[in-house]
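User: I am new to this structure and would like a close look at one helix and at what surrounds it. Could you take me through that part step by step?

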Amino acid sequence: MFLVKVSVTFSAAHRLCQPGLSDEENFALYGKCSNPSGHGHNYDLEVAVLGEVDPATGMVANFYDIQRIIDREVFDKVDHKNLNVDVDFLQGIVPTAENMARRFWEVLEPHLNGCRLFSVTVGERNGNVATYLGPRPVAPELLLAAAATRL
Ligand SMILES: [Zn+2]
């Protein structure tokens, strides 16, 4: 069994805030990421698919096919954008790394034909990383594999 990973880096602005809270309360909850004017991050996005090697091709999946799907479905829509305003599939959520990883999974999974999506990881360049393993319960051995995932 193989875990095949494809990573991209994008730059985007966001603001973490709960609409019902004051600026002070949002700062207490989200720190600098609650800055009322927003701020930017350089994000790393890693998509991992799980599978066996096809003996005919020697691959689980073609890296470039996965790259093209990530570029079309996510990268082109988030790079150099304001995540709170410009990205339709991020509307209505607080764009934390966790929420972004879950939404990216939901956007990508229908397009990964023939691949079993294993994880979607979103990291901010300061070393803060969130990995989403999908909506289903996860076996302990898969949790260990995910813990070994790093950007
Ligand atoms: Zn931030």
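Analyst: What follows looks at helix α2, then at the sheet beneath it and the core they share. This is a predicted model, in which local features need pLDDT of at least 70 and side-chain atom pairs count only at pLDDT 80 or more, while totals for chains, interfaces and linings use all residues. Residues are numbered from 1 along each chain as its sequence is written.

Helix α2 covers residues 63-78 and bends by about 45° at D71, the bend being the angle between axes fitted to the seven residues ending there and the seven starting there. Helices (H or I, at least four residues) and strands (E, at least two) are DSSP runs, numbered from the N terminus. After α2 comes H80, with a positive phi near 60°.

The buried residues of α2 are I66, I69, I70, V74 and V78; a residue is buried if 20 or more other C-beta atoms, placed from the backbone, lie within 10 Å of its own. These buried residues pack against β1 (2-14), β2 (39-51), β3 (81-82) and α3 (97-108), where contact requires C-beta atoms, placed from the backbone, within 7 Å.

The sheet itself is open and has 5 strands in the order β3-β1-β2-β4-β5, with mixed pairing; two strands pair if DSSP finds at least two bridges between them. Because β3 and β5 (129-132) stand at the edges with a single partner strand each, one side of each is left without a neighbour in the sheet. Helix α2 packs on this sheet, touching β1, β2 and β3, and its direction makes about 20° with that of β1. Such angles run from 0 to 180 degrees between N-to-C directions, with axes fitted to C-alpha atoms, for helices over the stretch in contact. Helix α3, in turn, lies across β2, β4 and β5 and runs at about 145° to β4.

The largest nonpolar core has 27 residues, of which V47, V49 and F104 touch the most other members; such a core is a set of buried Ala, Val, Leu, Ile, Met, Phe, Trp, Tyr and Cys residues joined through C-beta atoms within 7 Å. At least two residues of this core come from each of β1, β2, α2, α3 and β4 (116-124). Beyond its neighbours within four places in sequence, F104 is in contact with L45, V74, V120 and V122, and V74 is one of the buried residues of α2.

Key
A residue is buried if 20 or more other C-beta atoms lie within 10 Å of its own, exposed if 12 or fewer, and partly exposed in between; C-beta atoms are placed from the backbone. Two residues are in contact if their C-beta atoms, placed from the backbone, lie within 7 Å.
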